[in-house]
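Reader: Before we begin, I should like to ask how the terms used for a structure are justified. Please set each value against its definition.

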Amino acid sequence: MKNKFYSHIFTIEPVHNILSSLDIEEDEKKELLDILQSHIHVTVIDIILSELDEGKKKEFLHLVGVKEDNDGAWNFVLANIEKGEDKVKEAIDRIVADFVNDLEKHSF
Amino acid sequence: MNKKSFSYKKFHKKWSDIHKKQQKKLLDTHKEALTHLSNNSKQYALSALGGLMLLTTPVNLQLESGDPKIHYEKVNKNLFLVSDLEALIPAEFRYFTDEENEKIANKLSEFYDMDIKYEIDNKRLNTTYGYIGAEQHLMRYPGDTEATHFQTNEEADEFMSSGLAPGRGAWGYFANSKDEMTQEDIEREKYYIAVQTFLAPDYLSRVGEYRDFFKYRKMLLVNPHNGHGVVVVVGDSGPAQWTKKHLGGSPEVMSYLERYDGRQKGPVLYYFINDPENKIPLGPIE
């Protein structure tokens with residue numbers, strides 16, 4: 001997946017590690033990583049939009065969707081959302097932790 | 001190193017469901033801003049692909065070859081329709097009230113830019129929402145067979161297995177002979193549905209009036225769960241009430257809607273298209 005504007009604040013290394021210990025096909029691993037990354041993206045966008053008024057939402061979506069300006073989008077988050085980095089990081093870390101725990105629960 | 005066994009399908013389903021729920025929440029909660037972007041994205045949808053595609057791309061959707069701009073816009077807009085329809089359609093299956101029909105027809109008119117009606121000239125079907133079953137191909141002219149029915153090998157490979165109905169449709173053959181068959185006749189058979197004309201209100205006292213009205217009447221058929229819409233004609237009458245189905249679709253229609261028969265059968269919306277000048281083409285709405 002291409003870098004996102006929040007890619008620098010998290011890692012999915014633990015997910016890669018556990019996936020490589022499981023007896024599944026490569027395309028299945030890729031599929032699960034795609035789901036995880038999509039889910040993170042949707043969640044991050046939701047969290048950010050929930051903190052903005054309608055005008056700012058459009059401004060932010062324009063930066064992300066149209067200009068694909070990762071630096072601009074991240075600076076926008078920092079400038080317009082109080083503790084924006086903490087909120088985004090916390091949400092991503094929680095998803096990754098849930099994903100890892102669930103991978104373990106489903107392996108035997 | 002021994003690798004651990006893993007319940008891939010179970011895990012995949014669980015996280016796909018979690019993800020879909022989150023996608024829906026996002027679309028519902030920030031609809032205005034996302035719709036604004038979607039409506040204004042025509043000139044730069046390609047660049048939007050990288051930044052926002054994941055918001056609306058269903059899990060499991062592999063990007064196929066072709067124009068990614070078209071693909072993005074289609075997926076994106078269909079999901080908005082799905083979300084809107086979900087708010088208008090009752091959770092438990094039942095027939096709609098006139099008020100509900102009006103709202104859904106308006107929504108479909110707006111989305112597809114067509115004049116969609118649940119009633120025209122005081123004529124309507126028994127329902128606009130029903131379970132669809134799979135029909136067979138219909139003979140288009142005397143002597144039409146499985147060997148002559150398909151225009152390409154690809155079509156034959158995909159759709160021949162559905163078979164050709166032994167009888168004719170409710171309106172007879174689509175053309176008197178192969179030589180007289182027009183492109184319109186071909187498309188009418190390809191994109192036909194069978195509806196329960198015989199259950200229309202006051203049918204018995206208005207048989208002639210209804211017959212003329214229903215014959216090749218243009219309709220919009222929508223799968224409310226994926227937003228796929230197809231323009232069809234009423235090409236046959238049925239199915240019988242005991243089947244517990246409300247309408248039937250040609251093999252091509254069922255394939256496009258991604259609806260299946262049997263235990264997996266699902267409901268569709270079907271409304272009249274008011275198209276007096278016959279300008280709206282039949283087939284999937286891309």
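Author: Helices (H or I, at least four residues) and strands (E, at least two) are DSSP runs, numbered from the N terminus. B:D202 lies in the loop between β3 (192-195) and α9 (207-214) of chain B. The model is predicted, so local features need pLDDT of at least 70 and side-chain atom pairs count only at pLDDT 80 or more, while totals for chains, interfaces and linings use all residues. Residues are numbered from 1 along each chain as its sequence is written, chains are lettered from A and ligands numbered from 1 in the order in which they are written, and side-chain values use heavy atoms, with hydrogens and water left out.

Reader: What is notable about the phi of B:D202?

Author: B:D202 has a positive phi of about 60° although it is not a glycine.

Reader: Why are α2(A) and α1(B) called roughly parallel?

Author: Axes are lines fitted to C-alpha atoms, for helices over the stretch in contact, and angles run from 0 to 180 degrees between N-to-C directions. Angles under 35 degrees count as roughly parallel, over 145 as roughly antiparallel, 65 to 115 as roughly perpendicular and the rest as oblique. The axes of helix α2 (residues 26-50) of chain A and helix α1 (residues 8-29) of chain B come within 10 Å and cross at roughly 25°. Therefore α2(A) is roughly parallel to α1(B).

Reader: What makes α5(A) and α1(B) roughly antiparallel?

Author: Helix α5 (residues 84-105) of chain A packs against α1(B) at an angle of about 155°, and their axes are 11 Å apart. The two helices, α5(A) and α1(B), are therefore roughly antiparallel.

Reader: Which residues make this contact between α5(A) and α1(B)?

Author: Contact means heavy atoms within 4.5 Å. A:I95, A:D98, A:F99, A:D102 and A:L103 of α5(A) meet B:F11, B:K14 and B:W15 of α1(B).

Reader: How many cavities does the search find?

Author: On a 1 Å grid over the protein atoms alone, a cavity is a set of points where a 1.4 Å probe fits but cannot get out; lining residues have an atom within 4 Å of a point. A volume is the space filled by probe spheres set on the points, which are joined across faces, edges and corners. The search of the whole structure finds three cavities of 30 Å³ or more, and the largest has a volume of about 60 Å³. Residues lining the largest cavity include B:R140, B:H149 and B:E252.

Notes
1 Å grid on protein atoms, 1.4 Å probe; cavity = no way out; pocket = protein on both sides within 12 Å on 5 of 7 lines; lining within 4 Å.
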